[in-house]
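Biologist: Please choose one part of this model and take me through it closely and slowly, explaining each term as you come to it.

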Amino acid sequence: MRIGNRIVASLAALLVSVAAGGAALAQTGAGPAPTEGDFIIHDFHFRSGETLPELKIHYTTFGHPIRDAAGHVTNAVIAMHGTGGSGTSLIRPIFSGVLFSPGGLLDASRYYIILPDDIGHGKSSKPSDGLHARFPHYDYADMVEAEHRLVTEGLHVDHLRLVMGTSMGCMHTFLWGETWPDTMDALMPLACLDVPIAGRNRLWRKMVIDAITSDPAWKGGDYTAEPHQALRAAADQITIAGSAPLQMQKTLPTREAAEKYLDQRLQAEFTGEDANDILYSTDSSRDYDASHLELIKAPVMWINSADDFINPPELGIAEREVKRIARGRFVLIPISEKTHGHGTHTDAAVWQDHLAELLKESAR
């Protein structure tokens with residue numbers, strides 16, 4: 001599995017492939033088959049001052065939009081992926097197989113589900129397409145703007161029943177709620193905080209960035225062969241960031257087992273990956289700041305897990321910040337045999353009861 005995808009796998013603690021997830025969803029008779037497409041945004045202006053003549057945003061959808069008598073969409077859901085992932089990284093048994101299947105809370109025969117590939121990710125425009133380190137230096141605000149334009153201009157959806165996201169997508173969820181507060185019924189951020197990336201959270205990201213840019217083989221981004229030492233160091237940091245101590249102690253009970261796991265994991269991570277893509281996606285959180293929570297109008301169900309290395313509960317940030325959201329609720333899932341560190345965000349069975357509460361509360 002590629003390192004970019006392994007960022008998601010590390011953070012999600014998942015060992016099931018996207019293809020298997022799609023197959024499992026199909027086997028459950030999940031209603032409408034997924035549809036993929038590309039939306040081209042012409043002359044896209046980034047906050048850095050850079051521009052792209054054409055920005056491609058790839059997306060996957062399930063289901064079809066339903067409009068009321070006034071023509072407003074009533075059943076659209078956007079689900080946003082984590083760093084290094086793509087929309088299809090959410091198509092897997094423990095996420096889409098639980099939520100999108102017949103009878104699921106987001107049954108694809110009832111909802112119009114939108115899974116975008118963010119800038120720099122999946123099949124959307126990214127450094128490895130050819131510009132390399134000359135690709136515009138995008139940030140979360142750029143990514144959310146592109147998501148919004150995909151939804152409104154590309155898919156002609158003017159209202160969202162639910163905005164949700166995992167990890168990076170969790171942070172995007174807050175930005176959606178602050179920026180377009182009147183265009184959604186509910187928000188479900190999964191595994192993040194709303195404050196600027198600082199402390200240990202910035203440290204491990206900066207370690208990944210420095211590992212790439214300090215490798216002589218990186219050559220300022222104009223390498224002809226991937227800088228393997230940089231990728232190895234990045235993978236090491238990502239492994240720790242996505243770790244779940246209880247699960248790892250159970251599944252890797254000896255030194256030999258732990259070291260074998262690490263060797264096998266790293267050997268599988270170098271094929272076909274691009275260091276610039278990792279560099280850009282890791283650094284895109286640099287100026288994130290969802291500091292206007294009071295602007296959010298819709299109900300918010302904010303979920304973190306207690307074994308999350310990236311968003312450790314001892315900081316107490318979520319408990320403090322949720323009080324600024326008029327209709328906000330924060331749930332900290334205790335460590336158990338069911339949690340998987342940061343990756344608990346993708347295990348819908350662990351938190352779907354809270355999603356059910358949110359959908360009921362926000363029903364019109």
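Modeller: When two directions are compared, angles under 35 degrees count as roughly parallel, over 145 as roughly antiparallel, 65 to 115 as roughly perpendicular and the rest as oblique. The model is predicted, with local features needing pLDDT of at least 70 and side-chain atom pairs pLDDT 80 or more, while totals for chains, interfaces and linings use all residues. Residues are numbered from 1 along each chain as its sequence is written, and side-chain values use heavy atoms, leaving out hydrogens and water.

The part I have chosen is a pair of helices (DSSP runs of H or I, at least four residues; strands are runs of E, at least two; both numbered from the N terminus). Helix α6 spans residues 199-213 and helix α7 residues 228-241, and their axes, lines fitted to C-alpha atoms over the stretch in contact, lie 8 Å apart at an angle of about 170°, on a scale from 0 to 180 degrees between N-to-C directions. The two helices are therefore roughly antiparallel to each other.

In their contact (heavy atoms within 4.5 Å), α6 brings Trp 204, Met 207, Val 208, Ala 211 and Ile 212, which meet Ala 230, Ala 233, Ala 234, Gln 237, Ile 238 and Ala 241 of α7. These residues divide into 10 nonpolar, 1 polar and no charged.

Turning to the strands, an open sheet of 8 runs in the order β1-β2-β4-β3-β5-β6-β7-β8 with mixed pairing (at least two DSSP bridges between two strands). Its edge strands, β1 and β8 (328-333), each pair on one side only, and the twist averages 20° from one strand to the next.

Conventions
Ala, Val, Leu, Ile, Met, Phe, Trp, Tyr, Cys and Pro count as nonpolar, Asp, Glu, Lys and Arg as charged, and the others, Gly among them, as polar.
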